[in-house]
Amino acid sequence: QVETLKAKLLEQAQEISRLRSELGGTDAEKHRDLLAAENERLRQEMKACEGELRELQRQQQAPCRDCPHLQENAELQEQLSQLQREAEETRAKLVELDLEVQQKTNRLAEVELRLKDSLAERAEEEERLSRRLRDSQETIASLKSQPQQIKYIIKTVEVESAKAKQALCETQSRNQYLLEQVGMQKQVLKEMEQQLQSSQKTEAQLRAQIMMYEAELERAHGQMLEEMQAMEEEKNHAIEEAFSRAQVEMKAVHENLAGVRTNLLTLQPALRTLTHDYNSLKRQVRDFPLLLQETLRSARAEISQAIEEVHSTNRELLRKYRRELQLRKKCHNELVRLKGNIRVFGRVRPITKEDGEGPEAANAVTFDADDDAVLHLLHKGKQVSFELDKVFPPQASQEEVFQEVQALVTSCIDGYNVCIFAYGQTGAGKTYTMEGTAANPGINQRALQLLFSEVRGKAADWDYAITVSAAEIYNEALRDLLGKEPQEKLEIKLCPDGSGQLYVPGLTEFRVQSVEDINKVFESGHIKRVTECTNLNEHSSRSHALLIVTVRGLDRSTGLRTTGKLNLVDLAGSERVGRSGAEGSRLREAQHINKSLSALGDVIYALRSRQGHVPFRNSKLTYLLQDSLSGDSKTLMMVQVSPAEKNTSETLCSLKFAERVRSVELGPVSRKAELGSWPSQEHLEVLKTGDSLGSSAPPGRGHASPSPGQLSSRSASIRRKLHTSG
């Protein structure tokens, strides 16, 4: 409202200055001065309270909508805007009329220009016809003059000689020719006269058109002048009407100004009231930040306390969950140990450049963030979950993998048989997990290094001997990788001691005592092992490799002998012949590999379903692994899988086979130990886990029979030793 009143006052000041210049009376000047002083005073007051009123507007105070001067001002503004619109419409009409006059003037100029061009063309045409007419007349005149001489000649030579007759004939023929020419010229003259008549008619038509154009031009010019005069009169009339209306409106404005002054006098008390309200609101606003800060401080304290309580509760729950998870795994491992289940670890290799690019090389394997024994496979748009004993992601190192299996490795020192074999499709990373590289060795070399470390730690009480053998099964033939004749085929036979264990006669054994000896054995075996390049793997293993580590120990204090065997098996990968592109000897190798792996699946099925007959002898591979799969060994399968989308079918088969293997129960594991100082026929029976030793033993040959007291004390000592080492 103040802004509107300010604008009104400025307009009234301008109007007063204009009236002063028009009237100039003494009373009017005094009244003018009084009004100016009053306006100046009101302007000062409005400037003083302008900021306060703006603050009130920001506080969303409702404006005074019932003041009568506002409605009057709104009506005046509406009338003024209507007058302005009418003036704009009049100016638009004048512009349109000027544009129409300009267009008609341009049309008149075009008509005059066309008329001038037509007159010029007509003059040129008349000049051309005149020239042709003169030429025709000259030709006719010349032709008319010639025949008279010819007639005269004809009359004069009528009585002459034959020569003269001949000349006469020639002259007559020439005369005939000239007559023809005269006829032709007359015809041309007649045509030219017709053209002249048509040109004259055309000229008359053009002149008539020119006169018609001139008459139309004069009529259009007259109409344009009349329209311009009418428009001028209409414009003047509109200006006069607008001026009269403006005077009437100005008078009404003056009257409204007097009412505005009266309203301003009445607004001053309201302004003082608004100022008082504004000051009270300003005090409230000044105190509001303190109140807000205090409220926020208390709210933050409550929220922080609640968040801390939630965090502590979450930490406690997470700690309990992890403790329960570890306890569950410990109980599960103990249950697996008691049942003799085959433990199954899974390892997922990373995506490599051999997998290619595009959708086929996409990662189809995901892991459970809360359980490291579960992985998920996306196969044909459907997610399939598998639970193993442990799952290693692609970023897992060789050291992390070996930390999970080193407990099995060290148990062979105590006289247990241990078997670790890698299973999976070709190119899944089995050889890398078992053998590794020179800079990053796998389970084989790390196992022997760990055995050496454990042997050195027990050197004060025990004497150990570690021997290593390496063999491969290539095309269902068992070959010695450390022997002098690697192509010689070996056979698997039962031990003659009646223990039911299997052994390979003629298999070379090397005793190793250091890391250098290990490297020599691995290098020799690696060179002789059969590997070839296929479409799926650049260095594809074409045989099943078996590393046999035998650890024989002797307790010097009790004479107790232990024999443990560690079988580390790198199986050849299953492959689809269509994808690997195997031909010739490669095809025969692939067939033997798939056949032996199929036989391994049959053995696992028979063990899982507890069949009376297990077909170990269907393949050299299963026959060689009979000791590891028949309950007298701690067995671990490392299933290797590829995460690539194109290999999901093979990955699904490998994981399903791993779940079947995991459910196989082999029974409690036995330990091989005997007293070396007693006769060989009086050796101790194989001691089951948790069983105690007998209280007596039969006498041996060549040795005195011990007394009952000596036997009892020695049995107790042996029991303590076995319990400690077991």
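Buried here means under 20% relative accessible area, exposed over 50%, and partly exposed in between, with a 1.4 Å probe and protein chains only. This is a predicted model, in which local features need pLDDT of at least 70 and side-chain atom pairs count only at pLDDT 80 or more, while totals for chains, interfaces and linings use all residues. Residues are numbered from 1 along each chain as its sequence is written, and side-chain values use heavy atoms, with hydrogens and water left out.

Let us start with two backbone oddities. Most residues other than glycine have a negative phi. Here are two with a positive value, neither of them a glycine. Helices (H or I, at least four residues) and strands (E, at least two) are DSSP runs, numbered from the N terminus.

| Residue | Phi | Loop between | Relative accessible area |
|---|---|---|---|
| Glu476 | about 60° | strand S7 (462–474) and strand S8 (477–480) | 23%, partly exposed |
| Arg610 | about 55° | helix H10 (585–608) and helix H11 (620–624) | 61%, exposed |

Next comes a helix pair. Helix H7 (residues 443–457) packs against helix H8 (residues 515–528) at an angle of about 155°, with the axes 10 Å apart; axes are lines fitted to C-alpha atoms over the stretch in contact, and angles run from 0 to 180 degrees between N-to-C directions. That makes H7 roughly antiparallel to H8, a term for angles over 145 degrees. Contact (heavy atoms within 4.5 Å) is made by Asn444, Gln445, Leu448, Gln449 and Phe452 of H7 with Val515, Ile518, Asn519 and Phe522 of H8.

Finally, in H13 (residues 648–662) the buried residues include Leu652, Leu655, Phe657 and Val661.

How values were computed
Angles under 35 degrees count as roughly parallel, over 145 as roughly antiparallel, 65 to 115 as roughly perpendicular and the rest as oblique.
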